[in-house]
Amino acid sequence: MPSVPVTDVTDLYEEFGDERLPPGQHETSDFPVLSKGNTPQFDPDSWTFRVSGAVDEELELSWEEFRSLPSVTQRQDFHCVTGWSRFDCEFTGVTFPELAERAGVHDDACHVMFSALDDYTTDLPLDACMRDEVLFAWGFDGQDLDPEHGGPLRVVTPHRYAYKGAKWVCGVEFLTEPERGFWEKRGYSVTADPWAEDRYS
Ligand SMILES: Nc1nc2c(c(=O)[nH]1)N[C@H]1C(S)=C(S)[C@@H](COP(=O)(O)O)O[C@H]1N2
Ligand SMILES: [Mo]
């Protein structure tokens with residue numbers, strides 16, 4: 001990848017807490033893999049990304065189309081609900097607001113459901129998604145995102161625990177009533193603010 005300007009957003013914690021490392025977390029330089037199952041196969045020819053629900057225009061994007069959207073590179077922190085945090089991850093991808101604007105989100109949309117190739121789902125309130133730090137990322141530290149970490153495309157949510165970031169993401173649905181995702185149905189927090197230690201609901 002050619003070198004691109006990197007925006008440092010590691011100071012976003014100032015909005016939520018006093019310390020960069022959220023309470024009850026420890027810092028690691030590893031990047032552990034946490035998946036509920038196997039890494040799904042990616043076929044660039046048949047891959048489609050769907051934007052659906054309360055939008056003016058439902059979108060279906062091919063891999064080529066997705067990759068031609070405007071992208072950014074950000075330095076972000078990554079907080080896993082199981083207790084580890086990894087600082088200074090460099091992710092490249094499309095911001096959530098960029099994609100939302102293309103679909104035209106309805107005024108009555110209040111919630112978002114992400115879906116993935118391994119049937120994982122996760123949900124977040126719309127206002128938690130409408131931030132430039134929420135990325136659909138295909139790049140990590142200047143390389144294509146590793147399949148184990150969600151390649152070809154994953155969501156990252158540096159202001160939320162990492163289970164909010166669907167790996168192998170292939171769809172986003174705008175909802176007018178909240179629904180629950182995979183871990184949220186199993187007792188994990190909907191809000192998932194690491195500085196409030198919103199781990200469980
Ligand atoms: N599609 C999908 N996305 C997922 C998961 C998963 O099992 N499937 N696990 C989540 C959890 S619990 C965490 S902590 C992060 C882990 O990301 P990593 O494996 O890149 O560390 O991905 C999240 N996104
Ligand atoms: Mo997790």
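Visitor: Which residues gather in a patch of negative charge on the surface?
Guide: This is a predicted model. One member of the patch lies in strand S12, which covers residues 169-175; that member is partly exposed, because its relative accessibility is 31% and partly exposed means between 20% and 50%. The patch of negative charge is made up of Glu58, Glu173, Glu177 and Glu179.

Visitor: Where do the buried residues of H2 fall, seen down the axis of the helix?
Guide: Helix H2 spans residues 96-103, and its buried residues are Phe96, Pro97, Leu99, Ala100 and Ala103. Their directions fall within an arc of 160 degrees, so these residues line one face of the helix. In an α-helix a turn takes 3.6 residues, so residues three or four places apart point the same way. The place asked for is one face of H2, within an arc of 160 degrees.

Visitor: What value of phi does Gly104 take?
Guide: Gly104 comes just after H2. Its phi is positive, at about 75 degrees.

Visitor: Which residues does a cis peptide bond join?
Guide: One partner, Pro152, sits in the loop between strand S10 (143-144) and strand S11 (154-156). Omega of the bond is about 20 degrees, and the residues joined are Gly151 and Pro152.

Visitor: Is Asp88 buried or partly exposed?
Guide: Asp88 belongs to strand S6, residues 84-95, and has a positive phi of about 60 degrees although it is not a glycine. Its relative accessible area is 39%, so Asp88 is partly exposed.

Visitor: What is phi of Glu197 near?
Guide: Glu197 lies in the segment after S12 and is partly exposed, at 37% relative accessibility. Glu197 is a residue other than glycine, yet its phi is positive, near 50 degrees.

Terms used:
Residues numbered from 1 in each chain as written. Chains lettered and ligands numbered in written order. Predicted model: local features only at pLDDT ≥ 70, side-chain atom pairs only at ≥ 80, totals over all residues. Heavy atoms only, no water. Patch = residues over 30% accessible without salt bridge, like charges linked within 9 Å, V, L, I, M, F, W, Y side chains within 5 Å. Areas by Shrake-Rupley, 256 points an atom, 1.4 Å probe, with all protein chains shown as cover. Salt bridge = Lys/Arg side-chain N within 4 Å of Asp/Glu carboxyl O. Lys, Arg positive; Asp, Glu negative; His and termini not counted. Charge placed at Lys NZ, Arg CZ, Asp CG, Glu CD. Helix = DSSP H or I, 4+ residues; strand = E, 2+ residues; numbered from the N terminus. Buried < 20%, exposed > 50% of the residue type's maximum accessible area, 1.4 Å probe, protein only. Arc of directions from axis to C-beta.
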